[in-house]
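These are my notebook entries on one structure. I wanted to see how its helices pack and what surrounds a few single residues.

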Amino acid sequence: MVERWKPNPRENQAKRGYIPIGYKLMLTFMVFILILVSVNFYISNSMYDASMRRQTRTNIQGTLMQIRDNVAYKVNDIIQTSATLYDDHSLVQSVRRNQSGLNNYNRMNKVIIPKLESAAKAIGLNLRLSVYFRNKTVDERYRIWEDDDDNKDFSEQTYDIYHMSRILDKSWYLTLPREKYNVTMQWKQVEEDQRDGRISLIRRMVDMSNPLKIEEVGVMRFSVRLNELFDSVDYAKLGEGSMLSVMDPAGRIVFTSGKIPEEYDGDADKMSKYYLSTEMAGQRKLTIEEELPQQNWRIVAHVPLDIIEQEAQRVRYYFIMICILCVVLFTCTGFLISRYFSKRITKIVSVLNAFREGDLHKRITYRGKGEFSQIAVALNEMGEDIESLINKVYLTQLQKKEAELEMLQSQINPHFLYNTLSSINQLAKFGEMEKLQSMVMQLAQFYRLTLNSGKTMIPIAAEIDQASAYLDIQKVKYGRRMEVTFDIDADIWPYETVKLILQPFIENVLKHAWSGDRIHIGISVRKEGDSIIYRVIDDGLGMKKERIHKIFDPRDDSHTGCGIRNIDQRVKLHYGSEYGVTIYSREGIGTTVQIRIPARKRVLPVRSGG
């Protein structure tokens with residue numbers, strides 16, 4: 001019988017903290033997935049965000065270039081129109097001559113007025129052309145542009161003729177740069193421009209008849225509405241919340257499209273300072289500029305990053321959804337993979353645990369030629385080899401114990417036989433033939449039961465009969481000094497037992513337990529649960545605990561209790577470590593020996609019919 005393994009508390013405690021291989025594989029796979037998906041999300045999102053910013057900047061830059069080209073086209077139209085008057089030699093010579101009367105009338109109506117009227121209507125803008133001549137013989141003809149709605153909304157191309165004396169003390173004229181042929185010109189808001197939302201191109205009219213000296217004959221001012229000149233400067237082209245501005249070389253704002261803070265509305269200087277302030281710089285805006293080279297104007301775009309981030313947020317949402325979907329799919333895949341491997345590993349572990357607990361019959365099989373199949377084959381072969389080896393060792397130990405028991409019996413029986421024959425001799429000497437006959441019969445029965453045709457396993461009834469035969473022989477010797485009582489459970493008769501496990505303890509009582517000239521022996525055999533319990537109880541001397549420990553100590557080399565120890569080992573060898581002999585004793589009170597064996601029914605031989 002193989003001794004079964006019993007888990008100890010330390011193993012149970014270690015088992016509580018044990019994480020199955022399936023969870024380990026799953027956790028490892030999850031960590032790998034989360035790291036991979038997170039890194040992929042971070043890199044993809046960063047690359048997309050950078051790409052979006054580049055693309056947005058490129059788109060805005062393209063829009064600004066279109067706006068710049070549109071503004072430049074209109075500005076160039078005005079400059080080209082001014083150039084027709086600037087380079088008109090006949091007009092300049094006509095303006096320089098002092099004329100009166102009919103000549104002046106003809107000059108005005110045939111030269112000056114047609115040319116100015118043609119220049120005012122040359123472009124399709126609401127243009128106010130004002131010309132200031134030094135020659136006072138030229139008649140003044142002008143419209144008074146008062147501060148009223150009619151003048152602001154006046155949408156016809158007009159021309160006005162003034163004398164230079166009207167502007168000689170004006171700052172805008174005094175600050176006009178020194179003349180360079182066909183280069184000097186200036187855009188400014190002068191006279192009523194700021195009031196009416198206009199801006200003027202200011203340019204001299206010069207006489208180049210003397211190559212050594214450029215002589216000023218007048219000043220031209222082409223006034224155009226800001227919203228017409230910069231109608232393409234529209235913040236809506238860049239997105240809600242954007243701002244587009246046209247700034248002159250001095251950093252002043254010429255025109256703005258977009259939401260202007262209320263405290264700066266209508267104040268160009270304050271608005272310019274706001275554009276250059278840290279308050280504006282600290283806002284989350286993308287700033288892009290485009291130059292108008294001929295005028296040194298700058299078109300500045302301020303685009304809030306929220307426009308970019310809204311698109312990025314939408315794409316980020318899709319990225320997150322894709323990442324979550326990937327995590328779910330990878331997790332399901334990882335679960336299936338870890339389950340596939342963990343089930344096989346768990347089977348291997350369960351077989352190993354079964355081997356450790358003594359169950360060597362458990363086997364596993366895997367299809368295929370993979371590593372698990374090879375492990376299963378090797379494990380099955382190992383179980384068969386271990387079982388075969390254990391059976392060999394078991395049979396060897398069993399044979400050894402049986403030989404030891406037979407040797408013990410061969411040592412006990414001659415001594416017992418000698419004492420019994422001595423008693424028979426005494427009975428014959430005194431002529432007690434009845435007792436003599438009874439003792440001889442009991443002795444014959446005892447040896448018949450002891451030999452039992454060489455069998456190790458006998459019915460419990462035979463074991464009790466053998467003990468009873470032994471006691472009957474001893475009663476002849478001790479007579480009334482020995483009192484014996486039996487307590488036999490009727491349920492024990494169908495069961496079997498290892499032979500000769502009861503008599504040695506009775507003999508041990510008669511040898512060592514006497515505390516006077518009388519002794520009482522109680523013999524009990526009962527079925528308790530799945531066990532058969534033998535008890536041999538006496539009211540003799542009793543034993544100390546040290547002696548009991550010494551009897552069961554396998555390291556003790558003395559002969560103290562060797563018979564008891566041999567029976568205990570024999571029972572354990574047959575039935576397992578949970579069975580065997582237990583002794584309870586107190587000095588002066590007595591001793592109880594308990595022998596526990598499993599309740600196993602006898603297997604009756606099958607008789608063949610004849």
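Entry 1, a loop residue. I looked up N98 and found it exposed, because its relative accessible area is 62%; here buried means under 20% relative accessible area, exposed over 50%, and partly exposed in between, with a 1.4 Å probe and protein chains only. N98 sits in the loop between α3 and α4. Helices are DSSP runs of H or I with at least four residues, strands are runs of E with at least two, and both are numbered from the N terminus. Leaving out residues up to four places away in sequence, I found N98 touching R107, N135 and T137, where contact means heavy atoms within 4.5 Å. The C-alpha atoms of N98 and K136 are 8.1 Å apart, with the two positions 38 residues apart in sequence.

Note on the source. The model is predicted, so I kept in mind that local features need pLDDT of at least 70 and side-chain atom pairs count only at pLDDT 80 or more, while totals for chains, interfaces and linings use all residues. Residues are numbered from 1 along each chain as its sequence is written, and side-chain values use heavy atoms, with hydrogens and water left out.

Entry 2, the whole protein. I noted 17 helices and 16 strands. Of the 610 residues, 40% are buried. Among contacts with a separation of 6 or more, 66% are between residues 24 or more positions apart.

Entry 3, α3 and α4. I went on to the two helices that flank the loop of N98. Helix α3 covers residues 89–96 and helix α4 covers residues 101–120; they pack at an angle of about 130°, with their axes 10 Å apart. Axes are lines fitted to C-alpha atoms, for helices over the stretch in contact, and angles run from 0 to 180 degrees between N-to-C directions. The angle makes α3 oblique to α4; under 35 degrees counts as roughly parallel, over 145 as roughly antiparallel, 65 to 115 as roughly perpendicular, and the rest as oblique. The crossing of α3 and α4 is left-handed, a term used if the near helix is turned anticlockwise from the far one by less than a right angle, with right-handed used if clockwise. On the α3 side I listed S90, L91, S94 and V95, which meet R107, V111, I112 and K115 in α4. By class, this contact has four nonpolar, two polar and two charged residues. Nonpolar covers Ala, Val, Leu, Ile, Met, Phe, Trp, Tyr, Cys and Pro, charged covers Asp, Glu, Lys and Arg, and polar covers the others, Gly among them. R107 appears in this contact and also touches N98.

Entry 4, α14 and α15. How do these two helices lie to each other? I found α14 and α15 roughly parallel. Their angle is about 20° and their axes are 9 Å apart, with α14 at residues 460–478 and α15 at residues 503–512. The crossing is right-handed. E463, A467, Y470, L471, Q474 and Y478 of α14 make the contact with Q503, I506, E507 and L510 of α15. I sorted these residues into six nonpolar, two polar and two charged.

Entry 5, α16 and α17. The axes of α16 (residues 545–552) and α17 (residues 562–575) come within 8 Å and cross at roughly 55°. These helices are therefore oblique to each other. Their crossing is right-handed. K550, I551 and F552 of α16 meet I564, R565 and D568 of α17. This contact has three nonpolar, no polar and three charged residues.

Entry 6, a glycine in α11. I checked whether G334 is buried or exposed. G334 is buried, at 2% relative accessible area, and its place is in α11, residues 305–356. It touches M26 and F29, not counting residues up to four places away in sequence. The C-alpha atoms of G334 and I33 are 9.2 Å apart, although the two are 301 residues apart along the chain.

Entry 7, cysteines. I looked for disulfides, meaning pairs of cysteine sulfur atoms within 2.5 Å, and the count is zero. For C326, the nearest cysteine sulfur is that of C323, 6.3 Å away. C326 is partly exposed at 26% relative accessibility, and C332 is partly exposed at 45%.

Entry 8, positive phi. Most residues other than glycine have a negative phi. N182 has a positive phi of about 60°; it lies in the loop between α6 and β3. E191 has a phi near 55° and is in the loop between β3 and α7.
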